[in-house]
Amino acid sequence: MEPLNLPPYERKLKREDGKLFIFDNLRRRFVALTPEEWVRQHFVHYLTDHLGYPPTLLANEVELQLGTKKLRCDSVLYTQTLTPKMIVEYKAPNVALTKRVFDQISDYNLLLRVDYLIVSNGLRHICCKMDYEHHSYSFLETIPRYENL
């Protein structure tokens, strides 16, 4: 896997039947190591180890239902009262962060109505803060530390 624009961390890998797996601390199990999963694991460790996000308030692969359509958020940060606060969408490093990616995360936000949306391909990270009162959003220079949310 290629180096990312995220701090390295001590990851746990294993090979089984010729396939590589990485340990997901949030799901507490090994998951198939895909380029997107490589980004997810690095990003979650960045949030928890460097920006102070409590792992107990983060969840990976959160399933949502929009009518008959099932959606799956890559990661969701919750408040202490378990209200969704942030959605993070990951793409493989070779995937550009386009309007289509934002459309995808916006669909999730129709259901969750969070304060922050983040998309990352491991090389580039885009964070925006929602302003529902003024029906707008603003892009942030950096991803906020947990205590500043």
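Is Cys73 buried or exposed? Cys73 is buried, at a relative accessible area of 0%, where buried means under 20%, exposed over 50% and partly exposed in between, with a 1.4 Å probe on protein chains only. A word on ground rules: this is a predicted model, so local features need pLDDT of at least 70 and side-chain atom pairs count only at pLDDT 80 or more, while totals for chains, interfaces and linings use all residues. Residues are numbered from 1 along each chain as its sequence is written, and side-chain values use heavy atoms, with hydrogens and water left out.

Back to the cysteines. The whole structure has zero disulfides (pairs of cysteine sulfur atoms within 2.5 Å). For Cys73, the closest cysteine sulfur sits 14 Å off in Cys128, which is too far for a bond. Cys128 has no disulfide either, with the sulfur of Cys127 as its nearest at 6.6 Å. Cys128 counts as buried too, at 3% relative accessibility.

Now for the largest nonpolar core (buried Ala, Val, Leu, Ile, Met, Phe, Trp, Tyr and Cys residues joined through side-chain atoms within 4.5 Å). It holds 24 residues, and Phe43, Leu47, Tyr53, Met86, Ile118 and Ile143 touch the most other members. Helix 1, strand 6 (84-90) and strand 7 (116-120) each give two or more residues to this core (helices are DSSP runs of H or I, at least four residues, and strands runs of E, at least two, numbered from the N terminus). Helix 1 gives the most, five residues.

Helix 1 (residues 35-50) also holds Thr48, which counts as buried at 17% relative accessibility.
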